[in-house]
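Dear colleague,

I am passing on the structure we talked about, with the sequence alongside. Please look it over first; my notes on the ligand site follow below.

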Amino acid sequence: MSGHGTPIPMTSHRSGPLTGVAEVPGDKSISHRSLILGALSVGETKISGLLEGEDVLDTAKAMQAFGAEVVNHGGGNWSVFGVGVGGFAEPDNVIDCGNSGTGVRLIMGVMATSPITATFTGDASLNKRPMARVTDPLALFGTQAVGRSGGRLPMTIVGAADPVPVRYEVPVPSAQVKSAVLFAGLNAPGKTVVIEKEATRDHTERMLAGFGAEITTEETEEGRVITLTGRPELTPQEIAVPRDPSSAAFPVCAALITEGSDVLVPNIGLNPTRAGLYYTLQDMGADLTFENMREEGGEPVADLRAKFSPNMKGIEVPPERAASMIDEYPVLSVVAAFAEGKTMMAGVKELRVKESDRIDAMAKGLRANGVTVEEGEDWWEVTGLGIDGVPGGATCESFLDHRIAMSFMVMGMGAKNPVSVDDGSPIATSFPIFESLMGSLGAKLERT
Ligand code: S3P
């Protein structure tokens, strides 16, 4: 679990050129869902390319605690022997989801409609995050939740013994909330309907269909209306987890801001609900191309080629793109600092309730390193200093947030002076090979 061990201070120095091939790990969202859906099927689900970051490993442990058998064959190959929809056993002990909001919220959803009780906790970051966004809709199924003030972990969930299906309009753009309700709907009789006004990542819908559930999505005036028929028998699958576009963002953005760079990041899923960053970088004038565009498992996939881009311009990032790049704003704000002019990022209130308040965390570190940032509750604006203009030289707090730590490490690769973070240990939650992979491209990173 991150954030409980010794902090790992890290420093990043001006680097470049970055060259070579960056094989980033498996997708975090799909890895969590592969383990969970495997646990809900009867028989063996085989997973290759699983992200072996702490967040996903905590979900693997949780699935075991609820009665599934999870086997690590090595090299990213795993098997899950599931217990079927409604087959979860009551765990003997507290479920610790570490740093992972996705893990805890999805798992609360899955167990919410079984007659069992489970208590959840996490690290100092997760235990500050809002859970009412999940427990409110779960209450409609008949689930009870008792947590700390403000709906925070540790929290005990008493699953509904006699669940009813629900119709729920998700009030915030959140794939975690949508997914928790859909997973709860699996063990409720009849049809559970989830409506989302803004499209968020749709891995749960795609994967539920892949495991044999009856699920439809309609685009209507109300938004996306997702209808799931409860109590399906899910069929075990073989899943090849694609590489994570959110992790690919770090070598891509590092290449754009370091002189002479040319980096290939192969096999990146460009599902439209995840790819917003890459279109935004192109809009800014980045030398970023999608090579070998193809379809794999029904998803658009490409090899990303990113080259040093000394003439990027600040833009207004379209707010309707926010959900499709929500995890990428921290590293985008770093690229914005190396562009000419202002980059405005609006409609991003959700950034305030991630692993940290990401607007606050990035604004503090950017300012400490000589970059001007204006902010409001749901927007922020970075004034670019041009490719050679970012002073750097300061130490930033990572606030137990992997993406904050990696973003500042990327900043140091292009800044005039080294940039440090107080604690790089959270990087292991999503990108355990970050240091070695960036080092192999030529980045000058060190533990200090
Ligand atoms: C995720 C959904 C997003 C994202 C997180 C992963 C998922 O969170 O930030 O990293 O796998 O469903 P929200 O649902 O809170 O937007």
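The model is a predicted one, and my notes begin with the residues around the ligand, which are Lys-28, Ser-29, Arg-33, Thr-102, Pro-173, Ser-174, Ala-175, Gln-176, Arg-201, Ile-326, Asp-327 and Lys-354. By residue class, this shell divides into five charged, four polar and three nonpolar residues.

As to where these residues come from, helix H1 (28–39) and helix H5 (175–185) each contribute at least two residues to the shell, and H1, with three residues, accounts for the largest share. In terms of domains, both domain 1 (10–26 + 242–447) and domain 2 (28–239) supply at least three residues each to the shell around the ligand.

Several polar contacts to oxygen atoms of the ligand can be listed individually. A side-chain N or O atom of Ser-29 is 2.7 Å from a ligand oxygen atom, and for Ser-174 a polar side-chain atom likewise lies 2.7 Å from an oxygen atom of the ligand. Ala-175, by contrast, takes part through its backbone, where an N or O atom lies 3.0 Å from a ligand oxygen atom. Of the 380 Å² of accessible area that the ligand has on its own, the protein covers 96%.

Finally, on the question of which pocket holds the ligand, the calculation places the ligand in the second largest pocket.

With best wishes

Technical notes
Residues are numbered from 1 along each chain as its sequence is written. This is a predicted model: local features need pLDDT of at least 70, side-chain atom pairs count only at pLDDT 80 or more; totals for chains, interfaces and linings use all residues. Side-chain values use heavy atoms; hydrogens and water are left out. A residue is near a molecule or strand if one of its heavy atoms lies within 4 Å of it. A polar contact is a pair of N or O atoms within 3.5 Å; within protein, one must be able to donate a hydrogen and the other to accept it, and residues adjacent in sequence count only if both atoms are side-chain atoms. Accessible areas come from the Shrake-Rupley method with a 1.4 Å probe; for residues, only the protein chains shown count as cover. On a 1 Å grid over the protein atoms alone, a cavity is a set of points where a 1.4 Å probe fits but cannot get out, and a pocket is an open set with protein on both sides within 12 Å along at least five of seven lines; lining residues have an atom within 4 Å of a point. A molecule sits in a cavity or pocket if more than half of its atoms lie within 2 Å of its grid points. Helices (H or I, at least four residues) and strands (E, at least two) are DSSP runs, numbered from the N terminus. Ala, Val, Leu, Ile, Met, Phe, Trp, Tyr, Cys and Pro count as nonpolar, Asp, Glu, Lys and Arg as charged, and the others, Gly among them, as polar. Domain bounds come from an automatic or database domain assignment.
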